[in-house]
Amino acid sequence: QVRLVESGGGLVQAGGSLRLSCVASGNIFSINAMNWYRQVPGKQRELVAGITSTDITNYADSVKGRFTISRDNAKKTVSLQMNSLKSEDTAVYYCNVVAREVVAAGWLNYWGQGTQVTVSS
């Protein structure tokens, strides 16, 4: 079983910064993509940023130039540096990892429990 634990959410004023981190643990053979999603009540979960195993990144248009995703493969962590935060960034942020537990297993999606980010205007 793969477990993801997020940290770093909280309350910040508009224009401020927060850094989210997610640590993967458990029976992990290999990790492929690592992503951050967010969700607000009544809306679908949306991809905020992703990073592949070869460090190729992609971002939602709404966060380009403000957010930066990074990963540390040795520590099995993915981070999201969020700068110039806006009220519309308020959401629950979820860590998502595509991983496999043994060499012969398929790739599976794993999710963290979510961390609240609230940006006050």
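Two strands count as paired if DSSP finds at least two bridges between them. By that criterion strand β2 (residues 10–13) pairs with β11, as four bridges join the two in the parallel sense. The model described here is predicted. An open sheet of four antiparallel strands, a nonpolar core of 30 residues and two hairpins with positive phi values at Gly42 and Asp55 are covered below.

**The four-stranded sheet**

- The strand order in this open sheet is β1-β3-β8-β7, and the pairing is antiparallel.
- β1 (2–7) and β7 (67–72) form the edges; each has a single partner strand, so one side of each lacks a neighbour in the sheet.
- On average, neighbouring strands of this sheet are turned by 15° against each other, with direction ignored.
- β1 is joined to β3 (residues 18–26) by six bridges, and the two strands run antiparallel.
- Within β1 and β3, Leu4 is placed opposite Ala24.

**Strand β11 and its partners**

- Besides the parallel contact with β2, which comprises four bridges, β11 is joined to β9 by three bridges in the antiparallel sense.
- On the β2 side, Gly10 stands opposite Val117 of β11.
- On the β9 side, Tyr93 stands opposite Thr115 of β11.
- In regular strands, side chains alternate between the two faces of the sheet.
- The covered face of β11 carries Thr115, Val117 and Val119, while Gln116, Thr118 and Ser120 lie on the uncovered face.

**Strands β4, β5 and β6**

- β4 and β5 are paired antiparallel through five bridges, with Met34 opposite Ile51 in β5.
- The hairpin of β4 and β5 has six residues between the strands, and Gly42 in this hairpin has a positive phi near 85°.
- β5 also pairs antiparallel with β6 (residues 57–59), over three bridges.
- Ala49 is found opposite Tyr59 in β6.
- Five residues separate the strands in the hairpin of β5 and β6, where Asp55 takes a positive phi near 70°.

**Nonpolar core**

- The largest nonpolar core has 30 residues; those touching the most other members are Leu4, Trp36, Phe67, Val78, Leu80, Met82 and Tyr93.
- At least two core residues come from each of β1, β3, β4 (30–39), β5 (46–51), β7, β8 (77–82), β9 (91–100) and β11 (115–120).
- β9 provides the largest share of this core, with five residues.
- Val78, one of the residues with the most core partners, has contacts beyond four places in sequence with Leu20, Ser21, Cys22, Met34, Trp36, Ile51, Ile69, Ser70, Arg71 and Cys95.

**Arg45 and aromatic residues**

- Arg45 lies over the face of Tyr94, 3.7 Å from the ring centre.
- Arg45 also lies over the face of Trp111, at 4.7 Å from the ring centre.
- The structure contains one aromatic pair.

**Loop between β7 and β8**

- Lys76 is located in the loop between β7 and β8.
- Although Lys76 is not a glycine, its phi is positive, at about 55°.
- Lys76 counts as partly exposed because its relative accessibility is 29%, between the limits of 20% for buried and 50% for exposed.

**Loop between β8 and β9**

- Ser84 belongs to the loop between β8 and β9, and so does Leu85.
- Ser84 has a positive phi of about 50°, although it is not a glycine.
- With a relative accessible area of 41%, Ser84 is partly exposed.
- Leu85, at 2% relative accessibility, is buried, since the limit for that class is under 20%.
- Leaving aside neighbours within four places in sequence, Leu85 is in contact with Val12, Ala14, Gly15, Gly16, Ser17, Leu18, Arg66, Phe67 and Val119.
- Two of the residues in contact with Leu85 also appear above: Phe67 is listed among the core residues touching the most other members, and Val119 is on the covered face of β11.
- Leu85 and Asn35 are 50 residues apart along the chain, and their C-alpha atoms are separated by 19 Å.

Note on methods. Residues are numbered from 1 along each chain as its sequence is written. This is a predicted model: local features need pLDDT of at least 70, side-chain atom pairs count only at pLDDT 80 or more; totals for chains, interfaces and linings use all residues. Side-chain values use heavy atoms; hydrogens and water are left out. Rings of Phe, Tyr and Trp (its six-membered ring) pair if their centres lie within 6.5 Å; planes under 30 degrees apart count as stacked, over 60 as edge-to-face and the rest as tilted. A charge sits over a ring if NZ of Lys or CZ of Arg is within 6 Å of the ring centre and within 35 degrees of the ring normal. Axes are lines fitted to C-alpha atoms, for helices over the stretch in contact, and angles run from 0 to 180 degrees between N-to-C directions. A nonpolar core is a set of buried Ala, Val, Leu, Ile, Met, Phe, Trp, Tyr and Cys residues joined through side-chain atoms within 4.5 Å. Buried means under 20% relative accessible area, exposed over 50%, partly exposed in between (1.4 Å probe, protein chains only). Contact means heavy atoms within 4.5 Å.
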